[in-house]
Amino acid sequence: MSKKLKVVVTRRLPDPVETRLRELFDAELNVEDKPFSADDLVAAVQRADVLVPTVTDRIDGRVLSRAGEQLRLIAQFGAGVDNIDVATAVQRGITVTNTPGVLTEDTADMTMALILAVPRRIVEGVKVIERDEFVGWSPTWMMGRRIWGKRLGIIGMGRIGQAVARRARAFGLQIHYHNRRKVSPHIEQELEATYWDSLDQMLSRMDIVSVNCPHTPATYHLLSARRLALLKPHAYVVNTARGEVIDEAALARMLEKGELAGAGLDVFEHEPAINPKLKKLTNVVLLPHMGSGTLEGRIDMGEKVIINIKTFADGHKPPDRVIPAML
C-alpha cells in the first residue's frame with residue numbers, strides 16, 4: 001500500500017468533508033478552528049505534502065520560500081486565490097487549485113438580498129422593532145426607494161455576475177455590465193444586458209452598482225475615490241466580492257456626507273477590521289463575509305478540494321488548477 005499524502009487543513013471544515021479527508025489521506029485537521037499564524041503556516045508547509053488553506057490564510061513569498069521539498073499542492077478551500085502568491089508557488093513547482101463554480105448561486109442570493117435590503121431599509125426596520133419603537137403605520141415614515149425599473153451596473157460578468165443579473169431581471173431591474181470583454185451574444189440577449197467598455201461611463205448612469213469581480217492587482221481600488229465620485233447621489237453600492245476592490249475610506253466619507261444613498265457590504269478592505277465610520281451609518285448594511293455561507297456550498301467546496309487532491313495524487317492535472325495567466 002502506498003503511503004498516504006500528508007494533508008494539513010488550516011481551518012475546521014464541515015464534518016462530511018473532514019471525514020472523507022481522513023479516509024483518503026493522512027489528514028491533519030484543525031479541530032479547535034484556531035486561525036493559523038504566519039509561523040503556523042510556515043510550520044505547515046514544512047511538513048505537508050498538500051496544504052488546504054482558506055481565503056484568510058496569507059500564503060505569500062515568505063511562507064513559500066520556507067516550504068519543504070515535499071510540498072507539491074496547495075488546494076485552496078475557496079474560489080478566490082488573492083491570498084496566495086500563485087506565481088511564486090508555480091515557480092517552485094507547487095500546483096495551486098481552488099473551488100470555482102460551487103458558490104455562484106449562494107453568493108448571487110446574498111447579492112440580491114443586499115440589493116433589496118439597502119434601498120428598502122430592511123435592517124433599519126428590524127432595529128426599530130428590536131428597540132420597541134414601532135408606534136404604528138404612517139404614510140411618510142421609513143420610506144425607501146423602489147428598485148423596479150432602476151438600472152443595475154454589474155462589475156464583473158462571470159458566473160456570479162450572470163447569476164445576479166438573472167435574479168435582478170426578475171425584480172424588474174435593467175441590466176448593465178462592465179467586464180474585461182463582452183459576454184457571448186446569446187447571454188447578452190438572455191439577460192437583456194447592456195455592455196459598457198468604459199467603467200466610468202457606466203458608473204455615472206447607474207442607480208445600483210454590484211461588485212462581482214475578483215481581487216487582482218488590476219482590480220485593487222477599481223472603485224477609487226475618483227470613480228465613486230462619478231456615481232449619482234441617489235446610487236447604492238453592493239459588494240459581495242472582495243473588499244479591496246473598493247476604496248473603503250472614500251466610500252465611508254461619501255456615505256457619511258450623503259454623497260451616496262447607501263451601501264450593502266459583505267466584504268471589507270482590511271477584514272476583519274471595518275472602517276468605524278461605516279458602523280455608525282444607518283444607510284449601510286454590513287455582513288460578516290457570509291455570502292457563500294451555506295452548508296450545501298461548503299460541502300460542495302470540500303468535495304472539490306478532495307477531487308483536486310485525489311486527481312493530483314493519481315498523477316493527473318487537477319480540474320481546478322490555477323495558473324498566473326488566469327489572474
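1. Strand β7, residues 174-178, is mostly covered in this predicted model. Of its 5 residues, 4 are buried. Its neighbour β6 (residues 151-155) runs parallel to β7, and 5 bridges join the two strands. Within this pairing, isoleucine 155 has histidine 178 of β7 as its bridge partner.

2. The connection between these two strands passes through a helix. Strand β6, helix α7 (residues 159-170) and strand β7 together make a β-α-β unit, and the unit is right-handed. From β7 the chain continues through helix α8 (residues 185-191) to β8, and this β-α-β crossover is also right-handed. Strand β8 comprises residues 194-195 and pairs with β7 in the parallel sense over 2 bridges. Here histidine 176 has threonine 194 of β8 as its bridge partner.

3. Strand β6 deserves a point of its own. It is largely enclosed by the rest of the structure, because 4 of its 5 residues are buried. Besides its bridges to β7, β6 pairs with β9 in the parallel sense over 4 bridges. Isoleucine 155 therefore appears in both pairings: its bridge partner in β7 is histidine 178, and its bridge partner in β9 is valine 211, while β6 itself is largely enclosed.

4. These strands belong to an open sheet of 7 strands, in the order β8-β7-β6-β9-β10-β11-β12, with parallel pairing. Strands β8 and β12 (284-286) are its edges, each pairing on one side only. At the β12 end, strand β11 (residues 262-265) runs parallel to β12 and is joined to it by 3 bridges. Glycine 264 has valine 285 of β12 as its bridge partner.

5. Helix α5, residues 104-117, lies across this sheet's strands β6, β9 (208-211), β10 (236-239), β11 and β12. The helix runs at about 155° to β10.

6. A further open sheet contains 6 strands in the order β2-β1-β3-β4-β5-β13, and its pairing is mixed. Its edge strands are β2 (26-28) and β13 (321-322), each of which pairs on one side only. Within the sheet, β4 (residues 73-75) and β5 (residues 95-97) pair in the parallel sense over 3 bridges. Leucine 73 stands opposite threonine 95 of β5.

7. Helix α2 (residues 38-47) packs on the mixed sheet and touches β1 (6-9), β2 and β3 (50-52). Its direction makes about 165° with that of β1. Buried residues in α2 are Leu41, Val42, Ala44 and Val45. Viewed down the axis of α2, the buried residues fall within an arc of 160°, so they line one face of the helix. The elements covering these residues include β1, β3 and α3 (61-65).

8. The loop between β4 and α4 (86-91) contains valine 81. With a relative accessible area of 9%, valine 81 counts as buried because the cut-off is under 20%. The C-alpha atoms of valine 81 and threonine 216 are separated by 9.0 Å, although the two residues are 135 residues apart along the chain.

9. Two UniProt annotations, from an unreviewed entry in each case, bear on this chain. One, "domain: D-isomer specific 2-hydroxyacid dehydrogenase NAD-binding", covers residues 112-291 according to that record. In the model, this span is 32% helix and 15% strand, and its end C-alpha atoms lie 10 Å apart. The other, "domain: D-isomer specific 2-hydroxyacid dehydrogenase catalytic", is listed by UniProt for residues 16-322. Over residues 16-322 the chain is 37% helix and 13% strand, with the end C-alpha atoms 25 Å apart.

Conventions: Residues numbered from 1 in each chain as written. Predicted model: local features only at pLDDT ≥ 70, side-chain atom pairs only at ≥ 80, totals over all residues. Heavy atoms only, no water. Buried < 20%, exposed > 50% of the residue type's maximum accessible area, 1.4 Å probe, protein only. Pairing = 2+ DSSP bridges. Right-handed = clockwise from strand over helix to strand, strands pointing away. Contact = heavy atoms within 4.5 Å. Axes fitted to C-alpha atoms, helices over the stretch in contact; angles between N-to-C directions. UniProt positions renumbered as here; feature names shortened; annotations may be inferred. Arc of directions from axis to C-beta.
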